[in-house]
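Visitor: I would like a close look at one helix and what surrounds it. Could you walk me through it in one go?

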Amino acid sequence: MTSTQTSVFPEIEKVINSFNFESISEERKLVLQPLVDFIQTKANNKQEIRLNLICTHNSRRSHLSQVWAQTAAAYYEIKNVFCYSGGTEATALFPVAAQTLAKQGFQIKTIAEGNNPIYAIKYAENAHPVIGFSKTFDADFNPQSEFAAILTCSSADQGCPFIAGAEKRIPITFEDPKAFDNTPQQAEKYEERSIQIATELFYVFSQIKK
């Protein structure tokens with residue numbers, strides 16, 4: 001991939017340049033197409049684009065998805081995109097997920113400690129940081145209407161047949177890297193999942209016609 005878009009931190013740029021859209025199967029592209037359509041329609045109508053990325057605990061996949069989606073929107077200069085995340089229950093952003101993003105070039109600062117720390121996650125010098133912490137999908141921090149609910153795990157997809165306030169419900173599920181917690185493969189598998197999520201979300205935003 002070549003960059004003619006918003007400047008992100010150099011280490012993130014290197015990761016982006018490694019993405020291979022040809023690795024996404026045609027079947028998977030069909031899964032991603034409803035999100036492309038939602039974003040394109042909003043962009044055409046010059047409306048704000050709100051995406052709420054949802055998984056069970058709002059600790060791993062939903063945060064990776066939120067951060068990479070916001071980065072992709074900025075990279076491709078798709079305006080008025082606001083990405084959120086939430087869970088069917090609140091826990092904490094899992095430290096290895098944050099460490100994975102840091103390793104891939106994001107600047108991460110802990111702005112509040114505790115059982116559910118709050119992180120500021122930046123992808124570019126002049127960009128507003130993504131605020132990362134665990135919350136339920138319908139928490140006050142998140143939009144209450146006029147958003148797309150993106151279900152990033154199968155249990156949230158099955159457990160949330162209806163998301164109040166969502167204009168559209170879009171299942172785009174990923175395997176949980178939690179299966180490799182406390183194993184020698186942990187760091188590798190988290191990085192692998194982050195790259196898959198990033199590649200697919202960058203593909204989505206690359207399809208948007210301005």
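Guide: Happily; what follows is a tour of one helix, its two packing partners and the pockets. Please keep in mind that this is a predicted model.

Let us take helix α3, which spans residues 61-75, and begin with its contact with α6. Helix α6 covers residues 186-206, and its axis comes within 9 Å of that of α3, the two crossing at roughly 35°. The crossing is right-handed. If you want to find the contact on screen, α3 brings R61, L64, S65, W68, A69, T71, A72, A73 and Y75 to it. From α6 come S194, I197, A198, L201, F202 and F205. Sorted by class, this contact of α3 with α6 holds eleven nonpolar residues, three polar ones and one charged one.

Now turn to the other partner, helix α1, made of residues 10-17. Here the axes lie 13 Å apart, and the angle between α1 and α3 is about 90°. An angle from 65 to 115 degrees counts as roughly perpendicular, so α1 and α3 are roughly perpendicular to each other. On the α1 side the contact uses I12, E13, V15, I16 and N17, and on the α3 side W68, T71 and Y75. Five of the residues in this contact are nonpolar, two are polar and one is charged. You may recognise W68, T71 and Y75: these residues of α3 meet α1, and they also take part in the contact with α6.

Helix α3 has a part in a pocket too. The largest pocket has a volume of about 460 Å³, and 22 residues line it. Nearest its centre are Q70, V81, F82, Y123 and H128. Along with α3, strands β2 (81-87) and β5 (130-132) each give two or more residues to this lining. In its make-up, the lining of the largest pocket has 14 nonpolar, six polar and two charged residues.

For a contrast in lining, look at the second largest pocket, with about 200 Å³ of space. It is lined by 14 residues, and A43, N44, I78, K79 and K210 are the closest to its centre. Helix α2, residues 26-44, supplies the largest share of that lining, with four residues. The classes there are four nonpolar, four polar and six charged residues.

To gather the threads around α3: this helix meets α6 at a crossing of roughly 35°, stands roughly perpendicular to α1, and gives two or more residues to the lining of the largest pocket.

Notes
Residues are numbered from 1 along each chain as its sequence is written. This is a predicted model: local features need pLDDT of at least 70, side-chain atom pairs count only at pLDDT 80 or more; totals for chains, interfaces and linings use all residues. Side-chain values use heavy atoms; hydrogens and water are left out. On a 1 Å grid over the protein atoms alone, a cavity is a set of points where a 1.4 Å probe fits but cannot get out, and a pocket is an open set with protein on both sides within 12 Å along at least five of seven lines; lining residues have an atom within 4 Å of a point. Grid points are joined across faces, edges and corners, and a volume is the space filled by probe spheres set on the points. Ala, Val, Leu, Ile, Met, Phe, Trp, Tyr, Cys and Pro count as nonpolar, Asp, Glu, Lys and Arg as charged, and the others, Gly among them, as polar. Axes are lines fitted to C-alpha atoms, for helices over the stretch in contact, and angles run from 0 to 180 degrees between N-to-C directions. Angles under 35 degrees count as roughly parallel, over 145 as roughly antiparallel, 65 to 115 as roughly perpendicular and the rest as oblique. Contact means heavy atoms within 4.5 Å. A crossing is left-handed if the near helix is turned anticlockwise from the far one by less than a right angle, and right-handed if clockwise.
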